[in-house]
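This report looks at a few local features of one protein chain, moving from paired strands to a patch on the surface. Please keep the sequence and the structure in view while reading.

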Amino acid sequence: MTQSPAVRTTGLSGPVRLGERAARTLVAELARRNDAKAALLVGATPESAVLAAAVEALLPGDRLTVVPAEGSSAAGLREHVSAQGRWVADRVRVVDTLAEADAAELVIAAEPHTGTADEARVAVDGLSKYLSEGAVLSVAAPVFRTEGAAAELDRQSVLHGVRTDLVLRNTPPVRVHHLRFTPTSAAVAARLSPAYRPSSVPLTRGMHLDSNGVAAAGISLGLAALAKVTRPKSKLWLVPALAAAPVAAFFRDPERDVPEDPSAVVAAADGQVLSVQRLHDERFGAGEWLRIAVFLSVLDVHVNRSPVAGKVVDYFVADGGFVNAMKPDAEHNVAAYTVLDTEHGTVVVAQRTGLIARRIVQRAPIGALLARGERFGLIRFGSRTDVYLPVDAAEPLVGPGDKVVGGSTVIARWV
């Protein structure tokens, strides 16, 4: 069968294969869209984990167009799709070449880029022609290659990336880039579910562990092993060994039931409400703001979630100190500000350091769409999270001393 030039020149062939976790990450933008949509999957085979993940993510009103990988038969793909049953066959169309496909709101490259930088550039340019306005292109490349296609996709991500996910549980590990080349409205975020993120490692059905916790626990166990080898008669190795579990527990990331009420503003973090006040802050625009500040003790979950559905339009870090987050002077601590454009106006989330917290993680670049309750970062070891809302558009529902649960507790309501 003759493939279209666009398929032959994508640079998608190679020894790297995507497993279930990487496949789920690639189709994350498809899975989180709750409205009817058209998606395009390029480079699929009947055995592809990405094809299986895409089919699983389909909703009743969705349409998925599939282009076979080079060397794969379109007839074989059609037979595979038909074998999935009438429900799947009605929603999945297999075409012989990419030229037969229509523009889509989501375009997914089913195999990772492993070629040269020029091949990756041609691939991205070729696939971007099939993106509708505001659409997302999802592509993957091996992590440990510092040149060629991987480097080109890193460059594309800096220019056009709305999210980049690192998938270590793949052979070899890959980085998945979600690229958007044309603007999209903040209103689209209201139709999204929280995105699947491989940085949240599942332990049980209801409990996850942030990847930072995996790394921290690994370091503790590594130090224990080193101490055991270098000083075999000493019990010193027990200190880092016993610390591994509580250190990992600090990074726990439980699943949360996010309220479906579109007027709800949810807590950005677990903790205790320190204050609810009206104030002015010219950094975010003229007018008055309603600020709800929440203190996170070292025992609280430290994963931060978006309080509203919106589009990230700005992000900046303000320098400062490391005062106890419960004290008024914590106002001047180091803080990271994520500014969201929403249907109700500008919303700001401030991740503030504390006496112990010295590291802020923010994973939502400018241009990213966040669903209400979606994970977007964390603060390490005790801190404070503030939510700024337009004072005329929101009514607070919590007060000082109240305990809140990130992603679940309704702290305010749009009016």
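## A hairpin of two strands

In this predicted model, strands β6 and β7 are joined by a hairpin that passes through 6 residues. The two strands, of which β7 covers residues 174-179, run antiparallel and are held to each other by 6 bridges. Within this pairing, G161 of the chain stands opposite L179 in β7.

Strand β6, which spans residues 161-167, is mostly covered, since 5 of its 7 residues are buried.

## An open sheet of three strands

Strands of a sheet pair through backbone hydrogen bonds, and this pairing can be either parallel or antiparallel. Elsewhere in the chain there is an open sheet of 3 strands, which follow the order β14-β20-β18 and pair in an antiparallel way. Because β14 (303-305) and β18 (360-362) stand at the edges, each has a single partner strand, and one side of each is therefore left without a neighbour in the sheet. On average, and with direction ignored, neighbouring strands of this sheet are turned by 25° against each other.

Strand β14 is joined by 3 bridges to β20, which comprises residues 375-379, and these two strands run antiparallel. In this pair, N304 stands opposite G377 in β20.

## A nonpolar patch on the surface

The residues I219, L223 and L226 make a nonpolar surface patch of about 310 Å². One of them, L223, has its place in helix α9, which runs over residues 211-230. Is L223 partly exposed or buried? L223 counts as partly exposed because its relative accessibility is 48%, and partly exposed residues lie between the cut-offs of 20% for buried and 50% for exposed.

Notes. Residues are numbered from 1 along each chain as its sequence is written. This is a predicted model: local features need pLDDT of at least 70, side-chain atom pairs count only at pLDDT 80 or more; totals for chains, interfaces and linings use all residues. Side-chain values use heavy atoms; hydrogens and water are left out. Patches are made of residues with over 30% relative accessible area and no salt bridge: like charges are joined within 9 Å, nonpolar side chains (Val, Leu, Ile, Met, Phe, Trp, Tyr) within 5 Å. Accessible areas come from the Shrake-Rupley method with a 1.4 Å probe; for residues, only the protein chains shown count as cover. A salt bridge is a side-chain nitrogen of Lys or Arg within 4 Å of a carboxyl oxygen of Asp or Glu. Helices (H or I, at least four residues) and strands (E, at least two) are DSSP runs, numbered from the N terminus. Buried means under 20% relative accessible area, exposed over 50%, partly exposed in between (1.4 Å probe, protein chains only). Two strands pair if DSSP finds at least two bridges between them. Axes are lines fitted to C-alpha atoms, for helices over the stretch in contact, and angles run from 0 to 180 degrees between N-to-C directions.
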